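Student: Before we look at the model, please tie each term that you use to its cut-off, and then let the values decide whether the term applies.

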Amino acid sequence: MLKAAANFLYELIESFAVSLVIFLVVYFFLAFPEEVFGASMEPTLATGDRLIVERLSVKFNRLGRGDVVILNPPGRDVDFVKRIVGLPGESLLILDCKVYLVKNDFEKIPLSEAYVNNGSCTKVNDPAVIKLSENTYYVLGDNREHSADSRFFGPIEKKKIDGKVVFRFWPPSKLRTF
């Protein structure tokens, strides 16, 4: 009887240790959960939404325009959720409530941003061409009038991006992949 109890306890500890190692590997290298706070990504995301964020896209340079990411902005202790609108090496211009991709230093191509509410205005105080260096991204909230984003803290370095949002699992009525 004592040997059976010892075997059970050993198997219980072994199962817990293996589960803990698997959890830590997934959490630190593959994916993690995140909760949304604030209105900056409305209507796409709202306070209380729970997300699954994967880390591999950042590590393997697979971030693209339109991806929703979790990042650590300069001078802040909290994570932000924002959308990538500018990629490394690109030039952008925010003018007349729109975001433009600038080609050849003069051609302005408006970005198609279906996720931004009609009538919403992307504003800046001093319109100027924003040139992104390698490994930097320009991020904006979908709710442009209520978002602290690259317009305020500047382009974000790749190393400050924790991961790409791939799934909303809460609330259940709003399940969605990204």
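Student: Which residue in β8 stands opposite Leu92?

Tutor: Leu92 stands opposite Ile130 in β8. Keep in mind that this is a predicted model, in which local features need pLDDT of at least 70 and side-chain atom pairs count only at pLDDT 80 or more, whereas totals for chains, interfaces and linings use all residues. Residues are numbered from 1 along each chain as its sequence is written, and side-chain values use heavy atoms, with hydrogens and water left out.

Student: What makes β5 and β8 a pair of strands?

Tutor: A strand is a DSSP run of E with at least two residues, while a helix is a run of H or I with at least four, each numbered from the N terminus. Two strands pair if DSSP finds at least two bridges between them. β5 and β8 are joined by two bridges and run antiparallel, so the pair meets the requirement of at least two. On the same definition β5 also pairs with β6, because four bridges join these antiparallel strands, and Leu95 there stands opposite Lys98 in β6.

Student: Why are β7 and β8 called edge strands?

Tutor: Four strands form an open antiparallel sheet in the order β7-β6-β5-β8. In this sheet β7 (107–110) and β8 (130–131) each pair on one side only, and they are therefore the edge strands. β7 is joined to β6 (residues 98–103) by four bridges in the antiparallel sense, with Tyr100 opposite Pro110 in β7.

Student: What makes Asp96 and Cys97 worth a look at the turn between β5 and β6?

Tutor: The two strands form a hairpin with two residues between them, and Asp96 in the turn has a positive phi of about 55 degrees. Cys97, which lies in the loop between β5 and β6, has a positive phi of about 70 degrees although it is not a glycine. The hairpin's strand β5 (residues 91–95) is mostly covered, since four of its five residues are buried.

Student: Why is Val68 called buried, and Cys97 partly exposed?

Tutor: Buried means under 20% relative accessible area, exposed means over 50%, and partly exposed is in between, all with a 1.4 Å probe and protein chains only. Val68 has 3% relative accessibility, which is under 20%, so it counts as buried. Cys97 has 36%, which lies between the two limits, so it counts as partly exposed. Asn135, in the loop between β8 and β9 (136–140), has a relative accessible area of 45% and is therefore also partly exposed.

Student: How do you know that both faces of β3 are covered?

Tutor: In a regular strand the side chains alternate between the two faces of the sheet. In β3 (residues 68–71), Val68 and Ile70 are on one side and Val69 and Leu71 on the other, and all of them are buried. β3 is joined to the antiparallel strand β4 (residues 80–86) by four bridges, with Leu71 opposite Phe80. β3 also pairs with β11 (residues 161–170) in the antiparallel sense over three bridges, where Val69 stands opposite Lys164.

Student: What does Val68 touch?

Tutor: Contact means heavy atoms within 4.5 Å. Leaving out residues up to four places away in sequence, Val68 touches residues including Met41, Leu45, Val81, Gly163, Val165 and Phe178.

Student: Where is Asn72, and why is it called partly exposed?

Tutor: Asn72 is in the loop between β3 and β4, and at 23% relative accessibility it is above the limit for buried and below the limit for exposed, so it counts as partly exposed. Asn72 touches Asp79, Ile156, Lys160 and Asp162, again leaving out residues up to four places away in sequence. Its C-alpha atom and that of Glu157, 85 residues apart along the chain, are separated by 9.5 Å.

Student: How does the radius of gyration of the protein compare with that of a compact globule?

Tutor: The radius is taken over C-alpha atoms, and the globule rule is 2.2 Å times the number of residues to the power 0.38. For 178 residues the rule gives a value near 16 Å, but the protein has 21 Å. The C-alpha atoms fill a box of roughly 80 × 35 × 25 Å along the principal axes.
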